[in-house]
Structure formats: structure tokens, C-alpha cells
Amino acid sequence: MKIPSNLNTLKAQIARHRHCEEGAISILNLYFIMAMAIFGGIAVDVSNLVVAKNQLQVAADVAAHAAMTSRRTMDADAAKAEAIRFAKLNMPENRFGDVLRAEHVQFGSYNQSTKAFTVDNDLDEAVWVKTDRLLENANPVSSYLLKLVGFGTFDVRTTAVYLKG
């Protein structure tokens, strides 16, 4: 049985291309582009987490300062309310959710050598503030590209201690 000539031509072309290395770098470039996209996505999401943590830290610092300053002339509950008000000014609730709650503002004393905070709302020596963006509070930090591999949200917490002085 004789093979048609166009089939012979096709076989010859396939044989030539099988040993040809032209265009191989294009496949390698695809791998490099994919790797760069993955690392770029990680960089964007990590940068987003760093920004969120810095925002929370600033809100915690401002709230702690407001609480301690207010505590000079107010009772503990009013000073906590003032701390929450300043935290909301820094991180509006309609955009970031509830980042600071009254139970996360505590007055007491702070031992600088052991870095231990002792809660006693009758004292006005120090204030401890915890800000957070958590999934359980419906305000986690969203990822941009890592959600494609299963990391859609991240929980971020910060604390601040402000001493009277």
C-alpha cells in the first residue's frame, strides 16, 4: 500500500520540527512570566497586609493616647468611649468595620521590665488598646491575588500601651 504524497510531506515536516529547537525559549519565557506573576501577586498581597497592620497600629496608638488624655478628666467608661471615637476617626466604620470595641480598651498598670500589663480600671497609670480586623467580626483584610489559591482573607491584630506621663 502506497502512502499519499501529502501524508509523506506531513511526516517529513513533523520529523524536522521534532529536532528543531526554534521557539523553545518562548516556552521558557512562559514559565518565567508565570513565576513573575505569582511573586508579583504575593508582593501585592503582602504589601496590602503591611498597610492594614500599619493602619491598625496608628488607630491603636491614637486611641490609647486619647484614652489616657481623656482619663485625666473623665471616668474609665467615658475615656474608653473617647478612645473608640478617635479610632473611628482614623479608620471609619463604614470602610473598615468595627476595629475597636470597649472591651479592648483597658486601664491599669504596666511593668516595663517584664512588659506585663495588669488590668485595673480604677488606675490611670497606663492604658492597653487592641485593634483588629478579623473574619469573626466581618472585617478581615481581603487579598487580591492570593484568593485564587485559597487565601481570600487575613486576620490582623495590633496592640498599643500608653503610659501616663
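This section describes the salt bridges, a buried acidic residue, a nonpolar surface patch and two backbone outliers in a predicted model.

The structure contains 5 salt bridges. One of them links Asp-132 to Arg-101, with the closest N and O atoms 2.8 Å apart. Asp-132 belongs to strand β3, whereas Arg-101 is placed in the loop between α4 (93-96) and β1, so this pair ties together parts of the chain that are 31 residues apart in sequence. Both partners are withdrawn from the surface under the cut-off of 20% relative accessible area for burial. Asp-132 is buried because its relative accessibility is 0%, and Arg-101 is likewise classed as buried, at 14%. The pair does not stand alone: Arg-101, Glu-103 and Asp-132 are joined into one network by salt bridges that share partners.

A further salt bridge is formed between the side chains of Glu-82 and Arg-85, with an N to O distance of 2.8 Å. Here the two residues lie within one element, helix α3 (residues 76-90), and are separated by 3 residues, about one turn of the helix. The two ends of this bridge fall into separate accessibility classes. Glu-82 has a relative accessibility of 18% and therefore counts as buried, while Arg-85, with a relative accessible area of 42%, is partly exposed.

The side chains of Lys-88 and Glu-93 also meet in a salt bridge, at 3.1 Å from N to O. Lys-88 is partly exposed, its relative accessible area being 35%. Glu-93 is assigned to the partly exposed class as well, on the basis of a relative accessibility of 40%.

Asp-45, a residue of helix α2, presents another arrangement of a buried acidic side chain. Asp-45 is buried but takes part in no salt bridge, and the nearest side chain of opposite charge, that of Lys-147, is 7.6 Å away. A salt bridge requires a nitrogen to oxygen distance within 4 Å. The side chain of Asp-45 instead reaches a backbone atom, the nitrogen of Leu-146, at a distance of 2.7 Å. When residues up to four places away in sequence are set aside, the contacts of Asp-45 are with Ser-143, Tyr-144, Leu-145 and Leu-146.

Helix α2, which spans residues 24-71, also holds Ile-25. Ile-25 is one of the residues of a nonpolar surface patch of about 740 Å², the others being Ile-27, Leu-28, Leu-30, Tyr-31, Phe-32 and Met-34. With a relative accessibility of 53%, Ile-25 is counted as exposed.

Two residues were noted for their backbone conformation. Most residues other than glycine have a negative phi. Lys-115, although not a glycine, has a positive phi of about 60°. Lys-115 is situated in the loop that runs between β1 (105-111) and β2 (116-119), and its relative accessibility of 63% places it among exposed residues. Ala-138 likewise has a positive phi, near 65°, without being a glycine. The position of Ala-138 is in the loop between β3 (126-133) and β4 (141-142). Ala-138 is exposed, with 70% relative accessible area.

Key
Residues numbered from 1 in each chain as written. Predicted model: local features only at pLDDT ≥ 70, side-chain atom pairs only at ≥ 80, totals over all residues. Heavy atoms only, no water. Patch = residues over 30% accessible without salt bridge, like charges linked within 9 Å, V, L, I, M, F, W, Y side chains within 5 Å. Areas by Shrake-Rupley, 256 points an atom, 1.4 Å probe, with all protein chains shown as cover. Helix = DSSP H or I, 4+ residues; strand = E, 2+ residues; numbered from the N terminus. Buried < 20%, exposed > 50% of the residue type's maximum accessible area, 1.4 Å probe, protein only. Lys, Arg positive; Asp, Glu negative; His and termini not counted. Polar contact = N/O pair within 3.5 Å; in protein donor to acceptor, adjacent residues only side chain to side chain. Contact = heavy atoms within 4.5 Å.
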